[in-house]
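Open the model in your viewer and keep the selection box handy. We will go from stop to stop, with something to select at each one.

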Amino acid sequence: MTTNQELMRRREAAVPRGVGSAHPVFAAHAENAELWDVEGKRYIDFAGGIAVLNTGHRHPKVMAAVAEQLSHFTHTCFQVSPYESYIALAERLNTMAPIDGPAKTIFFTTGSEALENAVKIARAATGRSGIITFAGGYHGRTMMTMAMTGKVLPYKKKFAPMPAEIYHVPFPHAPFGVTVQDSLRAIDMLFRADIEPERTAAIVLEPVQGEGGFIQAPTELLEALRKLCDRHGILLVADEVQTGFARTGKMFGIEHSGVKPDIMTVAKSLAGGFPLSGVIGRADIMDAAEPGGLGGTYAGSPIACAAALAVLDVIEEEKLIDRANAIGERMKARLEAISMRNNTIPIAAIRGPGAMTAFDVVTTRGTDEPDPDTTKRILTKAREHGLILLSCGVYGNAIRLLVPLTASDALIDEGMDVLELALAA
Ligand SMILES: Cc1ncc(COP(=O)(O)O)c(C=O)c1O
């Protein structure tokens with residue numbers, strides 16, 4: 001039998017250390033919200049491949065759609081011989097997206113690529129260059145998105161120089177002492193000190209910061225940004241890569257605010273484990289780039305488009321938006337109960353809309369002093385007892401729960417039992 005240890009040894013010899021793995025657990029098989037490693041050990045999966053599996057591992061409908069597509073063709077390149085599934089998926093997203101007026105959608109492969117292209121489209125549409133993003137935000141690891149990401153370690157270290165024309169402002173979050181007014185004042189300062197509004201193409205933000213710690217953008221901020229963008233002809237871009245497709249208890253995270261963005265980026269749970277991303281935007285904006293200026297060899301793969309059409313059916317048929325809210329309430333109630341006990345590791349700030357649930361591990365009950373070392377130990381202990389968890393947050397002390405929305409209550413409770421065990425003092 002191949003062991004995790006043996007594969008880890010080969011991994012270390014053959015793969016650079018720059019790509020991390022949260023757990024030394026090599027996957028052999030996975031089904032819905034469970035995963036088995038090469039040694040046959042079973043895990044409950046509360047990571048979902050980092051928010052990719054809202055519809056679970058290998059959902060039968062997604063697998064059937066992919067199998068059907070595989071029997072026809074696997075690749076032609078949309079820029080050579082287009083296919084209907086790409087168009088059908090664009091039509092569905094155009095209807096679903098909370099965008100004012102007619103929308104258009106273009107597909108890519110990764111979330112980063114969607115962000116890269118959102119910037120290209122925003123620049124083409126406005127004739128401007130500047131991009132404003134938020135500290136703590138995460139938009140990817142490619143050159144442009146690395147620069148847009150508001151976290152130095154580990155994403156930017158040793159990779160300078162960053163592409164130009166990207167500006168960060170603080171993201172409102174009470175424990176960090178940042179209010180909505182502080183964020184807005186920082187943009188005002190930016191307009192005085194660094195870049196005039198007339199040179200700013202877009203403001204890009206996550207409706208709920210994902211890697212940054214599951215911190216929801218206040219409605220007040222989004223409304224103020226919408227007004228600011230309208231006043232200056234700046235485009236508002238919602239990065240829905242992690243928040244999209246029912247996770248937050250709405251189809252898209254920004255719907256909690258009622259604010260309509262000009263452009264949205266989607267990826268991750270869009271295609272249930274197949275690599276697919278998209279940029280959805282107001283039709284007039286989306287048509288700004290010249291023919292041939294956008295695309296990619298694998299962009300909008302027919303296999304991934306088939307998977308995504310099935311994912312959208314599953315979200316509807318299995319009422320996963322309602323399910324996300326029920327799961328979120330269930331997990332948060334359990335976390336609240338754990339946080340009241342005085343014989344557990346102290347946790348705080350249980351939060352997140354719908355099933356986008358996280359909490360902080362802190363040094364002392366009643367404070368918000370981050371404890372990243374204990375967070376790491378909790379992840380290890382949970383894994384040893386069969387639960388895959390992920391951390392996040394600017395200080396690395398948040399634990400996020402990204403269980404598939406197709407998981408049963410019984411499985412979620414079993415996972416929460418393990419989490420409680422891992423939190424025992
Ligand atoms: C909000 C957000 N944007 C962009 C990305 C980048 O996506 P990808 O890793 O597919 O390039 C991520 C990935 O975690 C993300 O969470």
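## A small cavity to begin

The residues that line the largest cavity divide into four nonpolar, three polar and one charged. Please keep in mind throughout that this is a predicted model.

To see that lining, select Phe134, Gly137, His139, Phe171, Val204, Leu205, Glu206 and Gln209. The space they enclose comes to about 30 Å³. How many cavities of 30 Å³ or more does the structure hold? The count is one.

## Next door: Ser183

Keep Phe134 and Phe171 from the cavity lining on screen, and add Ser183, which sits in helix 7 (residues 180-193). Is Ser183 buried or exposed? Its relative accessibility is 0%, so Ser183 counts as buried.

Now show what surrounds this serine. Beyond its neighbours within four places in sequence, Ser183 is in contact with Phe134, Pro170, Phe171, Pro172, Val178 and Leu221.

## The seven-stranded sheet

Switch to a cartoon view for this stop. Seven strands make up an open sheet with mixed pairing, and their order across the sheet is 4-12-11-10-7-5-6. Which strands stand at the edges? They are strand 4 (103-108) and strand 6 (166-169); each has a single partner strand, so one side of each is left without a neighbour in the sheet. From one strand to the next, the twist averages 20°.

Colour helix 4 (residues 84-96) next. Helix 4 packs on this sheet, where it touches strand 4 and strand 12, and its direction makes about 130° with that of strand 4.

A reminder before zooming in: strands of a sheet pair through backbone hydrogen bonds, either parallel or antiparallel.

Select strand 4 together with strand 12 (residues 277-282): the two pair in the antiparallel sense over six bridges. Two places are handy for checking the register:

- Ala103 stands opposite Arg282 in strand 12.
- Ile106 stands opposite Val279 in strand 12.

Then add strand 11 (residues 263-266), which runs antiparallel to strand 12 and is joined to it by four bridges. Here, look for Val266 opposite Gly278 of strand 12.

With strand 12 still selected, try colouring by accessibility. Strand 12 is mostly covered, with five of its six residues buried.

## The second largest pocket

Stay with helix 4 and strand 4, since each supplies at least two residues of the lining of the second largest pocket. This pocket has a volume of about 440 Å³. To place its centre, select Tyr86, Thr105, Ile106, Asp287 and Leu294, the closest to the centre of the 19 residues in the lining. You have already met Ile106, opposite Val279 in strand 12.

What classes of residue make up this lining? There are 11 nonpolar, five polar and three charged residues.

## A loop stop: Ala299

Tyr86 from the pocket also leads to the next selection, as Ala299 touches Tyr86 along with Phe78, Tyr83, Phe107, Phe108 and Thr109, not counting residues up to four places away in sequence. Ala299 itself is found in the loop between helix 9 (283-286) and helix 10 (302-317). Although it lies in a loop, Ala299 counts as buried because its relative accessibility is 4%.

Try the distance tool between Ala299 and Phe78. The two are 221 residues apart in sequence, and their C-alpha atoms are 7.4 Å apart in space.

## The four-stranded sheet and Leu411

Move on to another open sheet, made of four strands in the order 1-2-3-15 with mixed pairing. Strand 1 (27-31) and strand 15 (387-388) are at its edges, each with a single partner strand, so one side of each is left without a neighbour in the sheet. Select strand 3 (residues 42-45) with strand 15: they run parallel and two bridges join them. Ile44 has Leu387 of strand 15 as its bridge partner.

From Ile44, step across to Leu411 in helix 13 (residues 409-422). Apart from residues up to four places away in sequence, Leu411 touches Ala33, Glu34, Arg42 and Ile44. With a relative accessibility of 12%, Leu411 falls under the 20% cut-off, so it counts as buried.

For a last view, zoom out and select Leu411 with Arg199. They are 212 residues apart in sequence and 51 Å apart in space, C-alpha to C-alpha.

Conventions: Residues numbered from 1 in each chain as written. Predicted model: local features only at pLDDT ≥ 70, side-chain atom pairs only at ≥ 80, totals over all residues. Heavy atoms only, no water. Pairing = 2+ DSSP bridges. Axes fitted to C-alpha atoms, helices over the stretch in contact; angles between N-to-C directions. Contact = heavy atoms within 4.5 Å. 1 Å grid on protein atoms, 1.4 Å probe; cavity = no way out; pocket = protein on both sides within 12 Å on 5 of 7 lines; lining within 4 Å. Points joined across faces, edges and corners; volume = space filled by probe spheres on them. Nonpolar A, V, L, I, M, F, W, Y, C, P; charged D, E, K, R; others polar. Buried < 20%, exposed > 50% of the residue type's maximum accessible area, 1.4 Å probe, protein only.
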